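Trainee: I'm new to this structure and would like a close look at one part of it. Could you take me through helix H2 and what surrounds it, then link that to the rest of the chain?

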Amino acid sequence: MTPCSCRIPSDKFKNFEDVENYLNCLGMFHMDLGLERMEKAKSSLGLRLMCPVMQVVGTNGKGSTSTFLHSIALAYGFRAGVFTSPHFVTPLERIKMNDRLLPKAAWASLTLQATEAVPDLTYFELLTVMSVMAYMFSEPDLLIYEAGLGAKNDATTAIPAQFVVFTPIALDHTNLLGGTLEEIAEDKSYAIREGVQAVISAPQTESVEKILRERAEKFGIPFYTMENMRDLPDCLYVLADEKPQYELGLKGEHQYINAQTALLAWCVYCKMYKKPVEAKAVAEGLSTAFIPGRFQQVKRKNEMPALVLDGAHNLHSLQSLLHTLETERCTPSAFVFSCLKDKEPLKMVQMIEAFLKKHGLDIPVIVTEIQNNERAVPLDELAALFAVTTVKCASLHEVLQKLPDFVGKDAKENPCVICGSLYLLSEYFREYPEKLQLSY
C-alpha cells in the first residue's frame, strides 16, 4: 500500500516538481507484488492501446534490445514509443515518443488522473499507467515496453501485448524471483499470456528455453529463436561471429545478440502485419541506436581524461564490458568502481583484477560508494575486497574532481572506465546531464 506519508497533496499536482516529490516519497524500490492495482487502473481509466505492443523481458540486454527496436521503428518513419527503466537523473527519461520525452506539462494532469482512480499505485505502476495514458493520445504505430522486474508481477504484463521478446535470462534478483535459473525463467515466462501473437527469444540455456517453449505451447503461440531466421525469407543476418556491413550504434560483441534479437522480433512483426523488411531502414535503425551508459565513450576535454561509462551492474554485464574493452582495443587509464551488495561484489572485483593481470596493467583502481542507496557496498568494505592497491574516494563527485591527478598526463587519451552500477552512473549524469543526449 502507499505509505501514509505519501498521501496525495491536498492542493493536487500543480507541476512536474510536485509529481517528482510524490514519486520520491513513494520510493523507487518500494514494491507490492500483484497486478490487482494495475487491473483496477485499466478498468477505471479505460486504458486501451490501439497499436501493436512489444514487451521486452529478460535479465540482460532489455534496455539495449528495446532501444534497437525503437530505433528501427523510427528509421521506418513510424510513430513509436518506448517505455524503459530505470532512469539516471529524472523519471522523464522513462517515457518517450519518437525519441522525445513526454513534456513536463503533461505529467501533473496524468498523475492526478491516475492517483484519483487508484491511490495506492506503486512508483513503477504509476509510471506504467501514465505511459499508457500518454500513448493513448499520441496515435503511435508501435510501442515497446521494457519489463521492470520479472514478469509474473510486473506492471508491464498487465498491458496487452502482441509480441513478447526475451533477452538472455540469468541469475539476478534471486531474493524476489527465485534462487535458481529455472525459477527465474518460470517467473518471466508469465509474460507469455492470452493475446500474445508471437514469442521471440534470444539464445537461452536449454532448461530456460524449455520453460519458455512449454508456456508458449500451452497458449498455442508461435515461438521463434535464431534458428527461425532462415525460415523468414526477408530476414537480414546480424551474426556475432561475422563482421556486419555496418556498425551497430551500441558497442560490444554482446550487442550483436541484442541487435539480432531485435532484428528477429522486427521480422516476425513485419511477417504478421504484412510489412516489408526494408534492409536500409533496419541497418539505419541498428547503426543509430543510442542508450546512455552502455559502453558510452566520452572524449577527453581539457584536463579531464577520456571516459567509458558502462552500467555493468552484474557479472554477466561486467564480463561483456571487459570483453568489449578487448575487442575495441581500448586500454583503460584507470578503473572507477562501485556496486550493490546483492550483485556478488567479490566476484566482480576478481573479474576486474583478472583483466588487469591478463593485460599487465598497473593503473589506478579507484573505489567509491554509491550515494543514498542502502544496497550499496560500503566504501571500506568494497576496498577490502581488492587484492591490488586501491584509491578510496567517498563519492563519485570527489573522484571526478581528482581524476585528472589520478591519471597521468601521458595516459589521458586512454579512457578511464567508470562502471559497476547504473546508480553510480546516475551520479555522473547528474553532474553532466548533457551526456544523456535527451530530446524534449
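Mentor: Here is a walk that starts at one helix and moves outward.

A quick word on the ground rules: this is a predicted model, so local features need pLDDT of at least 70 and side-chain atom pairs count only at pLDDT 80 or more, while totals for chains, interfaces and linings use all residues. Residues are numbered from 1 along each chain as its sequence is written, and side-chain values use heavy atoms, with hydrogens and water left out.

Let's start with H2, which covers residues 36-45. Helices (H or I, at least four residues) and strands (E, at least two) are DSSP runs, numbered from the N terminus. Arg 37, Met 38 and Ala 41 in H2 are buried, where buried means under 20% relative accessible area, exposed means over 50%, and partly exposed is in between, using a 1.4 Å probe and protein chains only. If you look down the axis of H2, those buried residues fall within an arc of 100 degrees, so they line one face of the helix. That arc is taken from the directions running from the helix axis to the C-beta atoms. Over on the other side of H2, Glu 36 and Ser 43 are exposed. Just after the helix, Gly 46 takes a positive phi of about 65 degrees.

What do the buried residues of H2 pack against? They pack against helix H5, residues 123-136. Val 129 shows the neighbourhood nicely: leaving aside residues up to four places away in sequence, Val 129 touches Met 38, Ala 41, Leu 45, Leu 47, Ala 114 and Leu 121. Contact here means heavy atoms within 4.5 Å.

Val 129 also leads us to the largest nonpolar core, which has 40 residues; Val 129 is among those with the most contacts inside it, along with Leu 23, Trp 107, Leu 126 and Tyr 145. H1 (16-26), H2, E3 (95-97), H4 (104-117), H5 and E5 (142-146) each supply at least two residues of this core. The largest share, ten residues, comes from H5. By nonpolar core I mean a set of buried Ala, Val, Leu, Ile, Met, Phe, Trp, Tyr and Cys residues joined through side-chain atoms within 4.5 Å. In soluble globular proteins, nonpolar side chains tend to be buried together. There is also a second, separate core of 39 residues, which includes Leu 232, Ala 265, Cys 267 and Ala 289.

Two of the strands feeding the largest core, E3 and E5, also sit in an open sheet of eight strands with the order E4-E3-E2-E5-E1-E6-E7-E8 and mixed pairing. Strands E4 (100-101) and E8 (223-224) stand at the edges with a single partner strand each, so one side of each is left without a neighbour in the sheet. Two strands count as paired if DSSP finds at least two bridges between them. E2 (residues 80-83) and E3 run antiparallel and are joined by three bridges, with Ile 95 in E3 as the bridge partner of Phe 83.

Further along comes another open sheet, this one of six strands in the order E9-E10-E14-E11-E12-E13, again with mixed pairing. Its edge strands, E9 (296-298) and E13 (391-392), each pair on one side only. E9 pairs with E10 (residues 307-310) in the antiparallel sense over three bridges, and Gln 297 has Val 308 in E10 as its bridge partner.

Within that sheet, look at E11, residues 334-337: Ala 334 and Val 336 point one way, Phe 335 and Phe 337 the other, and all are buried. E11 runs parallel to E14 (residues 416-419), joined by four bridges, and Phe 337 stands opposite Cys 419 there. E11 also runs parallel to E12 (residues 365-367), with three bridges, and Phe 337 stands opposite Val 367 in E12. From E11 the chain crosses through helix H12 (residues 345-358) to E12, and this β-α-β crossover is right-handed. Right-handed means that, with the strands pointing away from the viewer, the path from the first strand over the helix to the second runs clockwise.
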